[in-house]
2 protein chains.
Amino acid sequence: MTRFELAENIYKKGSCLCIGLDTDIRKIPTHLLEYEDPVLEFNRRIIEATHEYCVAYKPNLAFYEAGGPAGLISLEKTIHHIPPDIFTIADAKRGDIGNTSEMYARAFFDHYRFDAVTVSPYMGKDSVSPFLREGKWVILLVLTSNTGSMDFQFTDIHSQTTHENKLYEQVLHKSMNWSGPDGLMFVAGATHPELLKSIRMKAPDHFFLVPGIGAQGGDMEAVMRAGMNRQCGLLINSSRQILYASSGEDFADKARETAKSLRDQMSNHLKSIIH
Amino acid sequence: MTRFELAENIYKKGSCLCIGLDTDIRKIPTHLLEYEDPVLEFNRRIIEATHEYCVAYKPNLAFYEAGGPAGLISLEKTIHHIPPDIFTIADAKRGDIGNTSEMYARAFFDHYRFDAVTVSPYMGKDSVSPFLREGKWVILLVLTSNTGSMDFQFTDIHSQTTHENKLYEQVLHKSMNWSGPDGLMFVAGATHPELLKSIRMKAPDHFFLVPGIGAQGGDMEAVMRAGMNRQCGLLINSSRQILYASSGEDFADKARETAKSLRDQMSNHLKSIIH
């Protein structure tokens with residue numbers, strides 16, 4: 001999917017919502033446990049209930065790997081239930097030496113056929129490059145939403161330019177030489193909305209994947225004010241708030257209501273850029 | 001496995017060899033392709049041929065994930081062929097927000113029953129902590145063996161102490177407060193032997209996992225001189241050099257010869273610490 005197509009979907013749906021399919025079998029409604037593949041059944045119904053309000057789905061690989069190979073089969077089948085016009089992100093946070101990253105790229109792009117994969121920058125350019133493929137997307141960790149983001153991402157560095165004072169700024173700056181905004185996005189956490197604005201100034205055209213609203217405490221309104229560009233330029237993720245809106249038989253209805261309510265808030269902000 | 005038990009195995013075998021089971025189905029001898037699970041058959045024979053010369057096996061997850069769920073089944077079965085006294089490392093380079101890292105820990109420690117997992121530090125302490133379990137090991141990326149290690153790991157930082165001038169030194173220093181040498185190891189690449197010595201001075205008791213000898217150009221003798229402590233304190237990895245020592249029917253014999261030759265070199269160096 002191209003950047004233009006993604007922006008078109010956002011305009012059309014009035015939504016930049018990404019739904020994190022972080023499905024934990026210990027948290028899904030108990031009546032689903034009688035199905036052969038409860039995780040798949042849960043995901044299928046969540047997708048059916050929410051797809052008109054979102055533009056992306058983002059399964060986090062950890063939740064599927066925890067179940068061993070069977071968990072990955074649930075993931076594989078889940079992907080088949082995602083409508084083809086919706087952007088798919090493997091939230092995998094991978095990154096390894098070149099020949100190994102190439103194997104991960106084969107997994108996520110060729111086997112599971114995701115549009116995008118999240119990648120960790122610590123090992124540098126040659127660990128990221130194998131994921132940069134025509135028609136596919138790298139979403140690079142820049143500034144994450146967890147408290148541990150303070151440990152290294154905010155390390156003061158001796159900057160070569162005035163634009164790089166913290167490590168996350170160096171990651172942003174260097175990686176912008178690796179690919180343009182048509183193949184590279186950045187993870188920028190909702191828990192740092194004041195910094196989203198400065199990242200937006202440095203990367204005016206790139207899409208940002210923004211985790212951390214809802215359970216992690218980030219404020220969606222603040223994120224949209226700080227981070228939007230003329231194409232919207234944001235995919236705002238919500239996981240637990242939608243998936244576990246109810247633990248009863250009405251879980252899918254409640255997930256739909258939550259997704260719709262987030263879409264409605266987004267829609268208001270998006271009016272300013274849709275003519 | 002405890003640090004003491006690992007050191008005992010190293011003494012007993014005269015070897016600190018870790019064999020990277022980075023099995024690429026496109027590279028294994030063609031006569032194995034007639035088996036139902038060629039990767040498993042290859043791994044089984046490699047393990048049978050080499051286990052007396054090594055103290056650890058390290059499958060890199062990427063090579064199994066590339067095959068989808070079936071690849072993970074090959075991994076699962078491979079692990080059953082590793083003798084129980086050999087240390088097992090999931091080379092996964094994971095790391096995510098707390099509740100997600102916990103799911104990865106369940107995957108590698110509970111499902112696949114690895115002794116250790118490699119973890120990337122970019123997301124900080126709360127992304128690493130869920131992997132710190134009694135009886136299990138975190139192997140944290142500090143200084144990797146690829147050229148991309150220059151991009152961020154060597155970034156000059158404003159140090160709070162005289163011990164931290166580069167990012168990798170900050171990662172080393174901070175993470176030593178997260179766990180002691182009985183639950184935490186570090187990845188320190190063989191392609192930087194001169195720096196191994198300085199890392200050893202800062203972390204005298206920790207084990208280091210050292211990738212990068214062989215195909216990546218690192219020199220084993222230099223690594224052992226620079227990095228050994230009184231318990232050896234090193235796991236030196238070789239992957240492609242052993243796995244693909246021959247592409248013919250004699251691949252397992254050639255792998256054995258290569259592993260034995262590495263063991264013999266190691267054995268000479270280990271004499272200096274074995275009394």
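This is a short tour of a predicted model with chains A and B, stop by stop.

**Before you start**

Residue numbers run from 1 along each chain as its sequence is written, while chains are lettered from A and ligands numbered from 1 in the order in which they are written. Because the model is predicted, local features need pLDDT of at least 70 and side-chain atom pairs count only at pLDDT 80 or more, whereas totals for chains, interfaces and linings use all residues.

Colour chain A by pLDDT, the predictor's confidence in each residue, from 0 to 100. Chain A averages 95, and 98% of the residues score at least 70. The model itself scores ipTM 0.96 and pTM 0.97.

**Stop 1: where the chains touch**

Select both sides of the contact: 48 residues from chain B and 48 residues from chain A. Residues are in contact here if their C-beta atoms, placed from the backbone, lie within 7 Å.

Now keep just the chain B side. Elements that each supply at least two residues include helix H4 (69-80), strand E3 (87-94), helix H5 (98-111) and helix H8 (167-175). Helices (H or I, at least four residues) and strands (E, at least two) are DSSP runs, numbered from the N terminus. Linger on H5(B), which gives the largest share, 7 residues.

Colour this side by class and you will find 19 nonpolar, 18 polar and 11 charged residues. Ala, Val, Leu, Ile, Met, Phe, Trp, Tyr, Cys and Pro count as nonpolar, Asp, Glu, Lys and Arg as charged, and the others, Gly among them, as polar.

**Stop 2: the axis**

Superpose chain B on chain A: a turn of 180 degrees and a shift of 0.0 Å along the axis gives an RMSD of 0.0 Å. That is the relation of a two-fold axis. The fit is by least squares on the C-alpha atoms of residues with pLDDT of at least 70 in both copies.

Next, select B:Ile157, whose C-alpha comes closest to the rotation axis of any residue of chain B, at 2.0 Å. The same surface serves both copies, as 100% of the contact residues of chain B recur in chain A.

**Stop 3: a helix pair in chain B**

Show helix H9 (residues 193-202) and helix H10 (residues 220-227) of chain B; their axes come within 8 Å and cross at roughly 20 degrees. H9(B) and H10(B) are therefore roughly parallel (angles under 35 degrees). Axes are lines fitted to C-alpha atoms, for helices over the stretch in contact, and angles run from 0 to 180 degrees between N-to-C directions.

Add side chains: B:Pro193, B:Leu196, B:Lys197 and B:Arg200 in H9(B) meet B:Ala222, B:Val223, B:Ala226 and B:Gly227 in H10(B).

Notes:
Two residues are in contact if their C-beta atoms, placed from the backbone, lie within 7 Å. Angles under 35 degrees count as roughly parallel, over 145 as roughly antiparallel, 65 to 115 as roughly perpendicular and the rest as oblique.
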